Amino acid sequence: MSAEPPRRRTAILISGRGSNMAALIAAAQGPDYPAEIALVVANRPDAGGLERARGEGVATACIDHRPFGRDREAFERAVDERLRIDQIELIALAGFMRILTPWFVRRWEGRLINIHPSLLPLFRGTHTHARALEAGVTEHGCSVHFVVPELDAGPVIAQARVPVLPGDDEGALAARVLEQELTLYPQALAEVASGRVALVEGVVRRS
Ligand code: GRF
């Protein structure tokens, strides 16, 4: 009997509707997928993704950031504790709208990835689609990257591109990018979970 390689226990952190989360959960249902979605954590009780995750039979936790006030690290310690209890090995941020402190990022360095709706290094931060339209770019897209302490500045693992079309508004462009995100993120998580892509001394190494 040949032993299956162990699947990396992965947590997804969300704040909202969770469409990327749902794509990762669906991909991880494949028999050969190298990650298992073991936990979904939301920082908001009204995050729509929580219900979606439960519907897929995935364990969920809601750790509301508000009682922690300005103490970001105290909130992160609560998240970190839950991740450790659940023996999580990898974290995928998917529409998680909290800036993480260097304490948390360093703790999970190389095991913490994010999807960002722009072709990084362009348009770090929020409102990326509106800013892309405003800048008049002809191409836009999304990036999956390792998380480093500086916001949206981590080494890029994978990107997908879309054209910006005449007449596009923010919603149309966001929808075109999101369609790509839902394919890109499962592929990128698989590369990290299988070890084909790793962060080594601050640089993405592929093998
Ligand atoms: C996505 O566009 C993601 O790139 C960004 O926030 C959005 C989250 O959407 N970080 P969803 O919650 O995955 O539907």
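Trainee: Why is Cys142 called buried or exposed?
Mentor: Cys142 has 0% relative accessibility and therefore counts as buried, because buried means under 20% relative accessible area, exposed over 50%, and partly exposed in between (1.4 Å probe, protein chains only). This is a predicted model, in which local features need pLDDT of at least 70, side-chain atom pairs count only at pLDDT 80 or more, and totals for chains, interfaces and linings use all residues. Residues are numbered from 1 along each chain as its sequence is written, and side-chain values use heavy atoms, with hydrogens and water left out.

Trainee: What makes Cys62 partly exposed?
Mentor: Its value is 37% relative accessibility, so Cys62 counts as partly exposed.

Trainee: How many disulfides are there?
Mentor: With a disulfide defined as a pair of cysteine sulfur atoms within 2.5 Å, the count comes to 0.

Trainee: What makes the approach of Ser19 to the ligand a polar contact?
Mentor: A polar side-chain atom of Ser19 lies 2.3 Å from an oxygen atom of the ligand, and a polar contact is a pair of N or O atoms within 3.5 Å. For an N or O atom in the side chain of Arg17, the distance to a ligand oxygen is 2.4 Å, while for Glu181 the corresponding distance is 2.7 Å. Taken alone, the ligand exposes 370 Å², of which the protein buries 86%, with areas from the Shrake-Rupley method and a 1.4 Å probe.

Note on methods. A polar contact is a pair of N or O atoms within 3.5 Å; within protein, one must be able to donate a hydrogen and the other to accept it, and residues adjacent in sequence count only if both atoms are side-chain atoms.
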